[in-house]
Amino acid sequence: MADEWQEQLTCATRCSRCDKNMGADDQRILSVYDHQPICMDCKSQEEHRPDYEKVTKEMIGQCLIDTEVKWGDPQGFCYHHFYPYKC
Ligand SMILES: [Zn+2]
């Protein structure tokens, strides 16, 4: 499971939501809805969804169980749902 997620963190060349091209220097972040890498514009739209808070809480709980990585670990998959990263 952890390996799978590691792979998703590797360099996506386009946003999985709006299909915008993302360069190596563009920041991207993971969606709390489907764990796909999305651009920062899509992330801010996601944050305005009415169920965002609820989905976020559920996602954190599940993520910690699945990855067994401590919350806030910068190497952890969960972390990248809230902190943008580059390739
Ligand atoms: Zn996007």
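Q: Where does R49 lie relative to the ring of Y33?
A: Here the general idea is that a charged group can sit over the flat side of a ring, within 6 Å of the ring centre. In this structure, which is a predicted model, R49 lies over the face of Y33, 3.7 Å from the ring centre.

Q: And how do I describe two rings that pair up with each other?
A: You give the distance of the centres and the angle of the planes. This structure holds 1 aromatic pair. Its partners are Y79 and Y83, with 4.4 Å centre to centre and 15° between the planes. Planes under 30 degrees apart count as stacked, so this pair gets that label.

Q: Is Y83 buried, partly exposed or exposed?
A: Look at the relative accessible area: under 20% is buried, over 50% is exposed, and partly exposed is in between. Y83 comes out at 43%, so call Y83 partly exposed.

Q: Let's move to the metal. Which residues coordinate the zinc ion?
A: To read a metal site, you look for the donor atoms around the ion. Here the SG atoms of C15, C18, C39 and C42 coordinate the zinc ion, at 2.3 Å. Along the sequence, the spacing of these donor residues reads C-x2-C-x20-C-x2-C. One pair links distant parts of the chain: C18 belongs to the loop between α1 (2-9) and β1 (28-30), while C39 sits in strand β2 (residues 37-39), 21 residues apart.

Q: Why is the arrangement of the 4 donor atoms called tetrahedral?
A: Check the angles: four donors count as tetrahedral if all angles lie between 85 and 135 degrees. Around this zinc ion they run from 106 to 117°, so the arrangement is tetrahedral.

Q: Are C18, C39 and C42 buried or partly exposed?
A: Use the accessibility cut-offs again. C18 has 39% relative accessibility, so C18 is partly exposed. C39, at 3%, counts as buried, and C42, at 6%, is buried too.

Q: What is C42 in contact with, apart from its neighbours within four places in sequence?
A: The trick is to skip sequence neighbours and see what the fold brings in. C42 lies in helix α2 (residues 40-47), and touches C15, R17 and C18. Take R17: 25 residues along the chain separate R17 from C42, yet their C-alpha atoms are 6.9 Å apart.

Q: How many helices and strands does the chain have?
A: Zoom out and follow the elements in order. There are 3 helices and 2 strands, running α-β-β-α-α from the N terminus. Of the 87 residues in the chain, 32% are buried.

Note on methods
Residues numbered from 1 in each chain as written. Predicted model: local features only at pLDDT ≥ 70, side-chain atom pairs only at ≥ 80, totals over all residues. Heavy atoms only, no water. Helix = DSSP H or I, 4+ residues; strand = E, 2+ residues; numbered from the N terminus. Buried < 20%, exposed > 50% of the residue type's maximum accessible area, 1.4 Å probe, protein only. Phe/Tyr/Trp six-rings, centres within 6.5 Å; stacked < 30°, edge-to-face > 60°. Lys NZ or Arg CZ within 6 Å of the ring centre and 35° of its normal. Donors = N, O, S within 2.8 Å, 3.2 Å for Na, K, Ca; no water. Tetrahedral: all angles 85-135°; square planar, octahedral: opposite > 155°, others 65-115°. Contact = heavy atoms within 4.5 Å.
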